[in-house]
Structure formats: C-alpha cells, structure tokens
Amino acid sequence: MAITNSLAVEISTELEERAQIAIERLKNESLAPEMKKVPPVYTPNRLDMVLDKSRYQLYRITNRLFKDQFKGKGGASINQRRLEKMLEECGRRYGEPGRAMVVAIMNQKGGVGKTTTAVNLAPYLALNNYRVCAIDLDAQASFTAHCGVRPDVEIGADDTMDGIITGEQRSITHLIRQHGAFRNYSYVPSCLEMSDSNEIAYTKAGVRKFFSDHRQMFQEGVMNPYQDFVFYTAIRQSLEEISGDFDIIILDCPPYISAATYGAVYAADAIVVPVQPSGIDFASTCAFFRWLKTVAEMLSGMRFQDV
C-alpha cells in the first residue's frame, strides 16, 4: 500500500513527539554529570612541557614565588592559579588587546580528525596563556561533549550558534561559556537541533526556496523579506563583538558544506584541514580544496592567508 503524503507527515510527527518525550525524560532523570571539567594540577613533569623550563629553573621559580620546593619525582603540584603566576614570571602573559585570530578547522570528509584537532588545540593554546574561544559549529556536538556537558540533554538551539547562522540574532556574548578547567578558555556549544539552520539560512538569503510551516513561509514571486541577509557574513559579524576579548578563536566545522562552513571560511584568518592517509580521504580533501578555490573566487572580502 502506497503511503500518502498526509500519512507520512502524521508518522513523522508522531516519531518527533515520541523522541521529544524521551529527551525530556532524560533531562528529568539524568544524574549530575560525571564528566564536568575541573581545573587540572601540574606535576613537575607536566610543568616541564608547559613552561619549557628545566627542573632546576622550576625549583627556583616556585621557591621564589610560593616558597615551595619540588622534592624529586612526584613532588609538589601546581594548581591553575599558581600556573598563571608562573607563566607571567616567565614572561608569557595574556595577549594584548586587538583582533583575535580566527582559525577554522574544516574538511568535507568526516572522521579525519577535525574535532580531535580542535579538542587538543584549544587547551594547548590555553596552557600557553592564550585567551581561547572555541565554537562548535557541528550539529553532532562532539566538541561540546568534550567540554564537559551533555549536548543531548543540557543544550538547546538557543544555546548555540543556530540563531546567528540563520540571521535571527547577531550577538554572541550570551552564548559563551567558561570552560571548567581553564580561566582563559571559553567555548560556544552545539546540539542536534542546529541541523535545521542550514536550510533556514539558505532560504532567508534567497539561495533556494524551502517551504516550512514552522518558519517564515516563502512563496514563489513574493519578495524575500530577508533580502539584506547575507548568510556567509553572519559568523564574521558576530565574532567582531568578541574579537578584542580573545587571542584565538577556533571554529570546529561540520563534515559537509553548509551555511556554517561558508560562514567559517569567510570569517577565518587561517584554515586547518586535517586529512587521513587513505585514498578516499585524500580524494575528498582534493574536492574540498577545489570548493575552497571556487569560494575564494566568488566571494569578495575573504581574508584567510594560510591553509
């Protein structure tokens, strides 16, 4: 028996309602998250790597600042507050006011290490005393999960870049969260509800027609009320608001070409393209480079200087 369109809508609606009930149940029954991030402590071995100082130099610095001593292997540990004082003592201070560098981590192939790169690069830069803001643009929200929250139960679309990508809001400051482990590391989360943002952004920008009963209705021949909305500039414009508050802004992008990807590449000063050493991954990366060249030729005002 053929399924009529109305029946398909009814089935989809029922599935959505049941899924929403399950999500609400998870929210209500979920225990306090065990994955909350806490500030790390630094043993002499870790300080060697962070500060690039010998054990004797560390001994002198800690003795001068805190009257503490490292007593061989497994000696005194340093907390985050003390580490910041040691960084300043070593001449590594927080960045000077100015425009933050925007680094987009992207490739149109999934599973090549984009989120893995972002998850490790952000805290590494924070450890080196840069003021870091990492923004999760991927609806799969893997980066957000690594920040110590549960995106499926704790994050909604209003907590993400969804409104900025779709042009419904411009300010980003209320979306920024403090990372639990570092004073100079902030992030903007993502969640599965961001998956609708691409269609909405494209529609408002007049890229293509898309009919939806829960969003603004667009009819053929009717002037687009959002004709002044340029979807690929939305992320860059929002970042200008916080550019002076950070040294580096990292954009973790989705594994496909989307409104968020266009916005990220237009906002970026540099682009990191992770790739796995396999045939299909390399072929996908080559296709991504062709897309990047096309975008650079089409859009004026691109500012990335390195890939």
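A disulfide is a pair of cysteine sulfur atoms within 2.5 Å. That cut-off will help with the first of these close-ups, which come from a predicted model.

**View 1. C147 and C133, two cysteines without a bond.** The cysteine sulfur closest to that of C147 belongs to C133, and at 9.9 Å it is too far away for a bond. Starting from C133 instead, the closest cysteine sulfur is the one in C147, again 9.9 Å away and too far for a bond. Are these two residues buried or exposed? C133 counts as buried because its relative accessibility is 0%, and C147 counts as buried at 5%. Searching the whole structure turns up zero disulfides.

**View 2. The largest nonpolar core.** Welcome to a core of 40 residues, in which I135, L137, M161, I172, L239, I249 and L251 touch the most other members. Elements giving two or more residues to this core include strand 1 (101-105), strand 2 (132-136) and strand 5 (248-252). Among the helices that do so are helix 8 (162-165), helix 10 (234-239) and helix 12 (279-298). Which element gives the largest share? That is helix 11, with seven residues.

**View 3. L239 and its contacts.** Zoom in on L239, and you will find it touching V102, I135, I172, I249, L251 and A267, leaving aside residues up to four places away in sequence. L239 is also one of the residues that touch the most other members of the largest nonpolar core.

**View 4. A second core.** Separate from the core above is another, made of 32 residues. Among them are L125, A181, Y185 and Y187.

Notes:
Residues numbered from 1 in each chain as written. Predicted model: local features only at pLDDT ≥ 70, side-chain atom pairs only at ≥ 80, totals over all residues. Heavy atoms only, no water. Core = buried A, V, L, I, M, F, W, Y, C linked by side-chain atoms within 4.5 Å. Buried < 20%, exposed > 50% of the residue type's maximum accessible area, 1.4 Å probe, protein only. Helix = DSSP H or I, 4+ residues; strand = E, 2+ residues; numbered from the N terminus. Contact = heavy atoms within 4.5 Å.
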